[in-house]
Amino acid sequence: PATTLTYRCQKKDGSYLWMEANISLYCDRVSGEPIGYVNVVRNVTERKAAEEKLQDAYLALEALAAVDALTGIANRRHFDDVLAREWRRAIRAESPISLLLLDVDHFKLYNDLYGHLRGDSCLRQIAEAALDVIQRPGDTVARFGGEEFAIILSDTDRNPALDLAERIRQTVEDRDLAHSGNPPGV
């Protein structure tokens with residue numbers, strides 16, 4: 001059986017080549033006794049570069065598949081994956097987990113009054129406001145649906161979750177996004 005070994009070699013000019021060596025035992029055809037090795041070495045630098053480029057493209061695509069294109073936060077698919085994982089972790093660790101659901105009041109009317117471009121901007125600003133408040137690395141802010149957002153708070157029980165929800169509400173209110181179709185005006 002042949003053994004394949006892939007390795008880098010540094011050239012005199014400091015650059016590197018990727019090499020691949022295929023080593024196999026060579027046996028006498030009559031006796032079957034080993035008589036030496038056959039070592040075939042070839043330059044695979046171009047193949048390694050293509051593999052690296054393909055891996056980078058895959059990682060970029062994977063990242064895009066987890067992000068909401070409009071707001072730049074996690075999308076529903078990523079939210080579902082994180083919630084399932086965090087739920088199992090919370091059960092194993094017997095630790096609390098909280099989920100905040102945010103629904104933007106009168107958003108259809110906002111779009112009707114101000115147009116979809118301003119509506120998109122409004123959703124982005126709400127996502128930014130949530131990210132301003134939710135800063136722990138283990139927490140996830142996601143777009144749940146059209147004008148709905150969800151936030152997974154690991155190791156967080158009821159009262160701290162309610163405090164964070166109020167801080168998000170206040171942060172959105174402080175952005176002072178005019179909305180004449182909503183009684184408070186924002």
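These legends walk through four close-up views of a predicted model.

**View 1. N75 in its loop.** Start with N75, which sits in the loop that runs between α1 (45-64) and α2 (76-93). Is N75 buried or exposed? With a relative accessibility of 14%, N75 counts as buried. Look at its side chain: one of the polar atoms there lies 2.7 Å from the backbone oxygen of A65. Which residues does N75 touch, once neighbours within four places in sequence are set aside? The contacts are A65, A66, V67 and D68, along with A142 and R143.

**View 2. R47 meets E20.** Searching the whole structure turns up 13 salt bridges, and here is one of them, between R47 and E20. The closest N and O atoms of this pair are 3.1 Å apart. R47 belongs to helix α1 and E20 to strand β2 (residues 16-27), so the salt bridge ties together parts that are 27 residues apart in sequence. How do the two partners sit with respect to the surface? R47 is partly exposed, at a relative accessible area of 33%, whereas E20 is buried, at 8%.

**View 3. D132 meets R175.** Another salt bridge joins D132 to R175, and its closest N and O atoms are 3.1 Å apart. Which parts of the chain does this pair link? They are distant ones: D132 is in helix α4 (residues 116-133), while R175 is in the segment after α5 (158-174), 43 residues apart. D132 has a relative accessibility of 44% and counts as partly exposed. R175 counts as partly exposed too, at 27%.

**View 4. E166 and R169 along one helix.** This time both partners, E166 and R169, lie in helix α5. They are three residues apart, about one turn of the helix. Their side chains meet in a salt bridge, with 2.8 Å from N to O. Why does E166 count as partly exposed? Because its relative accessibility is 39%. R169 is partly exposed as well, with a relative accessible area of 38%. Salt bridges elsewhere share partners: E20, R42, R47 and E51 are joined into one network that way. That brings back R47 and E20, the pair from View 2. As a general point, side chains of opposite charge can pair when their charged atoms come close.

Terms used. Residues are numbered from 1 along each chain as its sequence is written. This is a predicted model: local features need pLDDT of at least 70, side-chain atom pairs count only at pLDDT 80 or more; totals for chains, interfaces and linings use all residues. Side-chain values use heavy atoms; hydrogens and water are left out. Helices (H or I, at least four residues) and strands (E, at least two) are DSSP runs, numbered from the N terminus. Buried means under 20% relative accessible area, exposed over 50%, partly exposed in between (1.4 Å probe, protein chains only). A polar contact is a pair of N or O atoms within 3.5 Å; within protein, one must be able to donate a hydrogen and the other to accept it, and residues adjacent in sequence count only if both atoms are side-chain atoms. Contact means heavy atoms within 4.5 Å. A salt bridge is a side-chain nitrogen of Lys or Arg within 4 Å of a carboxyl oxygen of Asp or Glu.
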